Amino acid sequence: MINAANSLAEHWKDVPESDWEDWHWQIKNRVMTYDGLKEVIKLTPAEEIGVKRSKGRLLMAITPYWLSLIDEMRPTCPIRKQAIPTAEEFDVSAFDMEDPCGEDKDSPVPGLVHRYPDRVLLLVTEKCAMYCRHCTRRRIVGSEAHLTSPQNFEKAYEYIRNNHRVRDVLISGGDPLMLPDETLDDILKNLRAIPNVEFIRLGTRMPVTVPMRVTESLIAVLKKYSPVWVSLHFNHPKELTKRCRKACDMLADAGIPLGSQTVLLKGINDRPSTMRRLMHELLKARVRPYYIYQCDPARGISHFRTPIATGINIMEKMRGHTSGYAVPTYVVDAPGGGGKIPVAPNYVISQAKGSFTLRNYAGQMFTYHEPVEEGEVVRVSHQGKHAKKDVKTAETKTAETKPAAA
Ligand code: SF4
């Protein structure tokens, strides 16, 4: 029997713990139909429309674990909004794009995206445990794109092997942890065998949506090809349940470096206090906040988008107000394929020759004087006061300076 976190968890109260804790059981028992969802939760009118029409679009699939976290009484529950389609998904705005990050045009072989000089994105599956309603890759996720064919993998390895500048591979999808451990082992083995590959990352949301996926056998695979950095995807502090923390602990205890990416989502995490709490909870779970992404203009998700000013305001309320480790980089993935562009509050008030006027997190102004130019030295008395301003030549300065290693 599961530990009921709220009334929805009651639905699975008779499920043996051994089943509940088995990620295969969680995947097999995902709620994927209108009738199935109606049995579990009373839908709002907007959800009724969204769920009925989700077929043929981004699929609906929700693990029992994730459903058990939903606050049944709150249509605005952040867990609920990320999983249950609504009618708003069918509103298409003027700037919506099928492939907002322009990945398809930067794909030299199927399933591989090569945009930045030294790194590539390897899409190894189109499947996910749960289909997030804000997914930017919804054009392929949940579909039958057949990215996993062995021929495609071979072509991708060959491309990486032949492009010596590629030193960093991000394994993503879909969710790579949907693959069996043996397949993951094979992918990692092939990548590790490529001499130019120095850095391997694996992007996954499964430790968040079905933390039971983190098993000893998965950890053994990741450790075998260490270091493999794991990039998680958290959007709200409520996602850091006791069960999810256990999964993070298992990974961290095994020495697997953990980072997190967050998508800025309207009505979910667009308040500075929510975002700060999320970052604090991540640090407590030994997960380093890495990026906050501005929500991409993917088709049908404009109801999740905020103005960029919202993101800047969040960064303003974090930098200086909390530990630097808790402050990720806020980026806009340039529509059409320009890559990630960092966006931050402006701390440089003015710039003149030799000095910058900066403001700190509290709005106070400071001037930073840059090093004097070659050939100009200002002599200072022992009392720390300017005895006289003395312009000397570079040779004089060198002659008077005691060598550091003498
Ligand atoms: S887990 Fe990632 S790829 Fe899958 S639906 Fe969610 S955001 Fe998209």
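These are my notebook entries on what I looked up in this predicted model.

**Entry 1: getting my bearings**

I started with the whole protein chain, which has 14 helices and 14 strands. How much of the chain is buried? Buried residues make up 35% of the 406 residues. Then I checked the contacts between residues at least 6 apart in sequence, and 72% of them join residues at least 24 apart.

**Entry 2: the sheet**

Next I followed the strands. Nine of them form an open sheet, and I wrote down the order as β1-β2-β3-β4-β5-β6-β7-β8-β9. The pairing in this sheet is mixed. Which strands sit at the edges? They are β1 (112–113) and β9 (339–342), and each pairs on one side only.

**Entry 3: strand β5 and its partners**

I picked β5, residues 228–233, for a closer look. Is it enclosed or in the open? Five of its six residues are buried, so the rest of the structure largely encloses this strand.

On one pairing, β5 runs parallel to β4 (residues 199–203), with four bridges joining them. I found Leu-202 opposite Val-230 of β5. The pairing with β6 (residues 258–263) is also parallel and has four bridges. Here Val-230 stands opposite Leu-258 of β6. To get from β5 to β6 the chain passes through helix α11 (residues 242–253), and this β-α-β crossover is right-handed. I noted one other bridge pair as well: Leu-232 has Ser-260 in β6 as its partner.

A reminder to myself for looking at any of these strands: in a regular strand the side chains alternate between the two faces of the sheet.

**Entry 4: the loop after α11**

Between α11 and β6 there is a loop, and Gly-255 is in it. Buried or exposed? I got 11 C-beta neighbours inside 10 Å for Gly-255, and exposed means 12 or fewer, so Gly-255 counts as exposed. I also checked its distance to Trp-229, which is 26 residues away along the chain: their C-alpha atoms are separated by 9.6 Å.

**Entry 5: the nonpolar cores**

The largest nonpolar core has 41 residues. Which ones have the most contacts inside it? They are Val-120, Leu-122, Ile-171 and Val-228. I listed what Leu-122 touches, leaving aside neighbours within four places in sequence: Gly-111, Leu-112, Ala-156, Val-169, Leu-170, Ile-171 and Ser-172. There is a second, separate core of 28 residues, and Val-51, Ala-129, Leu-177 and Met-178 are among its members.

**Entry 6: around the ligand**

Which residues surround the ligand? I wrote down Cys-128, Tyr-131, Cys-132, Cys-135, Arg-137, Val-141, Gly-173, Gly-174, Asp-175, Arg-205 and His-233. Sorted by kind, this shell has five nonpolar, three polar and three charged residues.

Two of the residues around the ligand, Gly-173 and Gly-174, are joined by a cis peptide bond with omega of about 20°. Gly-174 belongs to the loop between β3 (168–172) and α8 (181–192).

**Entry 7: other backbone oddities**

I made a note of the usual case before going on: most residues other than glycine have a negative phi, and most peptide bonds are trans.

Ser-226 and Pro-227 break with that, as a cis peptide bond joins them, with omega of about 0°. Pro-227 is in the loop that runs between α10 (216–224) and β5.

Then I looked at Arg-286, which has a positive phi near 65° without being a glycine. I found Arg-286 in the loop between α12 (272–284) and β7 (288–293). How many C-beta neighbours does Arg-286 have inside 10 Å? The count is 15, which is why Arg-286 is classed as partly exposed.

**Entry 8: a hairpin in the open**

Last stop was strand β10, residues 348–352. The number of buried residues among its five is zero, so β10 lies largely in the open. Four bridges join β10 to β11 (residues 355–359), and the two run antiparallel. Gln-351 stands opposite Phe-356 of β11. The two strands form a hairpin with two residues between them. One residue of the turn is Gly-354, and its phi is positive, about 85°.

How values were computed. Residues are numbered from 1 along each chain as its sequence is written. This is a predicted model: local features need pLDDT of at least 70, side-chain atom pairs count only at pLDDT 80 or more; totals for chains, interfaces and linings use all residues. A residue is buried if 20 or more other C-beta atoms lie within 10 Å of its own, exposed if 12 or fewer, and partly exposed in between; C-beta atoms are placed from the backbone. Two strands pair if DSSP finds at least two bridges between them. A crossover is right-handed if, with the strands pointing away from the viewer, the path from the first strand over the helix to the second runs clockwise. A residue is near a molecule or strand if its C-beta atom, placed from the backbone, lies within 6 Å of it. Ala, Val, Leu, Ile, Met, Phe, Trp, Tyr, Cys and Pro count as nonpolar, Asp, Glu, Lys and Arg as charged, and the others, Gly among them, as polar. Two residues are in contact if their C-beta atoms, placed from the backbone, lie within 7 Å. A nonpolar core is a set of buried Ala, Val, Leu, Ile, Met, Phe, Trp, Tyr and Cys residues joined through C-beta atoms within 7 Å.
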